[in-house]
Amino acid sequence: MAIELKVNGNTHSVDVPADKPLLWVLREDVGLTGTKFGCGIAQCGACTVHIDGLPARACIMPISAVGAREVTTVEGVASPAALAIRQAWRELDVVQCGYCQSGQMMSATALLESNPQPTDDDIDAAMRGNLCRCATYTRIRGAIHRAAESLEG
Amino acid sequence: MLGKITPHHLPRPAMDRRRFIQVIGLSGAGFMVGCGRQNDEAAPAASGGAETVPVTAEPVVASEFGPFVRIGTDNRVTVMIKHLDKGQGVTTGLPTIVAEELDADWAQMDFEFAPADASRYNNLFFGPYQGTGGSTSIANSWTQLREAAAAARAMLIEAAAARWQVPAGEIAVSRGRLSHGDRSASFGELAAAAADIAPPAEPVLKDPADFTLIGTRLPRLDSPGKTDGSEIFTIDVTRPGMLTAVVAHPPKFGAAVAGFDAAAALDVPGVTDVVQIARGVAVVADSFWAAKKGRDALTVTWDESGAVDYDSEQLYREFAERLATDPGLVARSDGDVGAALEAADQVIRREYRVPFLAHATMEPMDCVVELSGDGCEIWTGAQLQTVDQYTAAAITGLAPEQVTINTCFAGGSFGRRATPDSDYIAEAVMIAKAIDGRAPVKLIWTREDDMRAGFYRPMSAHVLEAALDADGKPVAWRHQTAVQSILAGTPFEGMVQDGIDGASVEGSRGLPYSIPNVEVRVNTIELGVPVLWWRSVGHTQNGFVTEAFIDELAALGGQDPYTLRRELLADHPRHLAVLDLAAEKAGWGEDPGPGRGRGIAVHESFGSFVAEVVDVSVAEDGAFSVDRVVCAVDCGIAINPDVIKAQMEGGIGYALSAALREEVTLASGAVAEGNFDSYRPLRIDEMPAIEVHIVASGEAPTGVGEPGTPPLAPALVAALADATGKWVYRMPIGDQLRGETG
Ligand code: FES
Ligand code: FES
């Protein structure tokens, strides 16, 4: 099906099967590879994007279900919370292999946008869906707190 | 199956090598310096004298030249990384060594992955192979990079001395600038002139006391690209006209394709080819989604006559039977364990079981291959480049030099991407060949493929026996292991000595405790399940059982487990230092409080020493959480303390994940787990607080990717026993404490 997909403020015309997941449309048809494939069943969070500002797992979202909504990926996310997250991620050198980190940052950004001062329990609840096999979790937690502080200050 | 790559297909170790320094001028754009190991008989350039250094402004045609450092007229310093970076941070650690010895500014440092070329970029610990593993990257590069950088620095100084007409000895170098009096110049300004300077035969290395970058926190060079979505992993590589492939693998190990019906798969829009390869049936399409749907529609009939049909439980019973009836091979024998056990008042015997584990890297296995008439170009997170290169050459009929490998950042490995048969890379090459090289092919394994198509940490069973004397001190120790060999049947079979695979007994044969009678035996089991090194290899299981057992012996002998270890490690100062540091920082000896437990363990692996103290809280019903891990590490000179800390945190989290509930279960020869809903790694809410303390050391640096992993499981089991009185003998811990303490 022919679709006008809104991604990071641009409109892309793509012609793909209706059941093709947003993840693969972004990666293969739009050419944005920052959003990763980890499981394909909404268990790992590597494919996390924002749809109308809310975090979503792109691997299980058929392109036909996206409609006219705004998709934001790691390449385009630029809200104050997103910039604070990216900055904190770099200051704390959160990344190891880095493969999960686009999804981690998208989930963390969405968390700060809805809850500017999250507690550890809030972080657990918001970030539980994002696996990191390199176990960078203590730094993810630290970087979210640091980003929250920087937004406050 | 893929024709086995036998050792004689692979390069042979060169004899009698010695160091030499060589320089390549970059046509006025700077220069590169490397120090190689040169084979005497193939060393025409060195024929004028043992330490003659060939210098040329033209690219050198030298098969054993390894340029590691490029200094450009743009003032960038680029370090060629001969290793895979799978998160362990070599793209930061190796440039740190170069920047230090050069006195460069950290902001001018870059890195580039080296091509696959074992003649220049072999791992000095792997003989003629280029590759990464065993936490060797820093250790084998340490002197090599220091010498290359020191030579480059000397050449820059000479160039400045000539330009300014001053003695070289009066020139200072600091943060990427050379200076004399009020004159100064950047590396870039001197790079072209320095390219014509003869490098020193014996570069003078810095006194470690003068290090200014090593030992400080430097930001990771790979952080920017990994935090804005721009880093290109294998799965992100795109080539013009590229097709994507997925493979239907045999449902059981040892099964083979009997036949297939491609019609329904070929009906899926986008599917271009369905081809049989030695490892299954590949569906090739213009996108991943089409290929996957094509595979869903594909019908394959499998010949299971040669397949295994094990169940994990049955295997454990067979392992136990084997341990009971077959004494196995002796890997170590001190004193007379038999007599000591016979004579002892108190003999303790325990059996341990540890399961198959998946590496479950976040990026599933993947590889891009592009064939041309006389070449094969590969993009992947290659970890054993030389093996991969020779394997691709064998499949395509090309010469190894015609196989180019572009090493990409890997989304994790933990050992998985270092496969002796290049499994998934071979698969991608076979598919590209099967479609006649018509288009570049990207092979993507789904998560389920990654879980079920192989390579696992081997399952093992252990019997430990010990005798305690009247004071509760162990006087005899016997450890017998039943485990599959990782190396048997691979190009690395030569590392199996006297029938014993070193990987089966690492961490058990080297038991450091001073016990007069020690015997370590191994029964090698042949199973046909594909097994592989998994973060810390044999140390994962052997570190667990030896440390858990010594802890239980302490408890049974009425000793404090920390004190007993101290006594038995009196001759091992580096073990003692980490043990003491972890104990002190964790407040060992203080009561952790009601419902809580504390455990300790220490283990050496890959030349690094790590002790961990684990605190747990256990509820009435046996549910528990891991609250804190205090870790002390001695890895020699700490190149980048923050990277070391990150690797300890990661190694601890990885080990904890496995200890809590990871297990690959065989059911009738097939892997029961498929995706992250059934194989469930650690999540953020289960991650303990972690403190890492680094022992100050002047020893040569050793690895940190793996050594943080082994002590976690035994310290955790000891902590749970401290809280509940119950010992766990089988991994993962799972629900074993549930309902037994409440
Ligand atoms: S790939 Fe979407 S949640 Fe794992
Ligand atoms: S950084 Fe490697 S999986 Fe998260």
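Begin by selecting strand E8 (residues 177-180) and strand E9 (residues 183-186) of chain B in this predicted model, where four bridges join the two strands, which run antiparallel. Within this pairing, Ser179(B) has Ser184(B) of E9(B) as its bridge partner. The two strands form a hairpin with two residues between them, and in it Gly181(B) takes a positive phi near 55 degrees.

Keep E8(B) selected and add strand E7 (residues 172-174) of chain B, which runs antiparallel to E8(B) and is joined to it by three bridges. Here Val173(B) is the residue to pick, since its bridge partner in E8(B) is Leu178(B). E7(B) and E8(B) also form a hairpin with two residues between them, and Arg175(B), which sits in the turn, has a positive phi of about 45 degrees.

Now show the side chains of E8(B): which of them are buried, and which are not? Leu178(B) and His180(B) point to one face and are buried, whereas Arg177(B) and Ser179(B) point to the other face and are not. In a regular strand, side chains alternate between the two faces of the sheet.

Next, colour the two chains separately and turn to where they touch, with 49 residues of chain A in contact with 60 residues of chain B. The area buried between chain A and chain B is about 4,400 Å², and carbon and sulfur atoms give 56% of it. Between these chains there are 30 residue pairs in polar contact, counting pairs with both residues at pLDDT 80 or more. Several elements of chain A give two or more residues to the side that touches chain B, among them helix H1 (22-30) and helix H5 (137-152). H5(A) gives the most to that side, with five residues, and by class the side of chain A that touches chain B has 23 nonpolar, 11 polar and 15 charged residues.

Nine salt bridges are counted between chain A and chain B. To see a salt bridge across the two chains, select Arg27(A) and Asp236(B), whose side chains meet at 2.9 Å, N to O.

Then move to Glu649(B), which lies in helix H17 (residues 641-661) of chain B. Glu649(B) counts as buried, because its relative accessibility is 9%. Leaving aside neighbours within four places in sequence, Glu649(B) is in contact with residues of both chains, including Thr138(A), Arg139(A), Met687(B) and Ile690(B).

The last stops are salt bridges within chain B, taken from the 57 that the structure holds over all chains. Select Arg76(B) and Asp110(B), whose side chains meet at 2.9 Å, N to O; Arg76(B) lies in the loop between strand E4 (67-72) and strand E5 (77-81) and Asp110(B) in strand E6 (residues 109-113), so the pair ties together parts that are 34 residues apart in sequence. Both ends are partly exposed, with a relative accessible area of 28% for Arg76(B) and 27% for Asp110(B).

Continue to Glu552(B) and Arg350(B), which form a salt bridge with the closest N and O atoms 2.9 Å apart. This pair links distant parts of the chain, 202 residues apart, with Glu552(B) in helix H14 (residues 538-556) and Arg350(B) in strand E16 (residues 346-354). Is Glu552(B) buried or exposed? Glu552(B) counts as buried, at 3% relative accessibility, while Arg350(B) is partly exposed, with a relative accessible area of 21%.

Definitions and conventions:
Residues are numbered from 1 along each chain as its sequence is written. Chains are lettered from A and ligands numbered from 1 in the order in which they are written. This is a predicted model: local features need pLDDT of at least 70, side-chain atom pairs count only at pLDDT 80 or more; totals for chains, interfaces and linings use all residues. Side-chain values use heavy atoms; hydrogens and water are left out. Contact means heavy atoms within 4.5 Å. Buried area is the accessible area (1.4 Å probe) that two parts lose on being put together, summed over both. A salt bridge is a side-chain nitrogen of Lys or Arg within 4 Å of a carboxyl oxygen of Asp or Glu. A polar contact is a pair of N or O atoms within 3.5 Å; within protein, one must be able to donate a hydrogen and the other to accept it, and residues adjacent in sequence count only if both atoms are side-chain atoms. Ala, Val, Leu, Ile, Met, Phe, Trp, Tyr, Cys and Pro count as nonpolar, Asp, Glu, Lys and Arg as charged, and the others, Gly among them, as polar. Buried means under 20% relative accessible area, exposed over 50%, partly exposed in between (1.4 Å probe, protein chains only). Two strands pair if DSSP finds at least two bridges between them.
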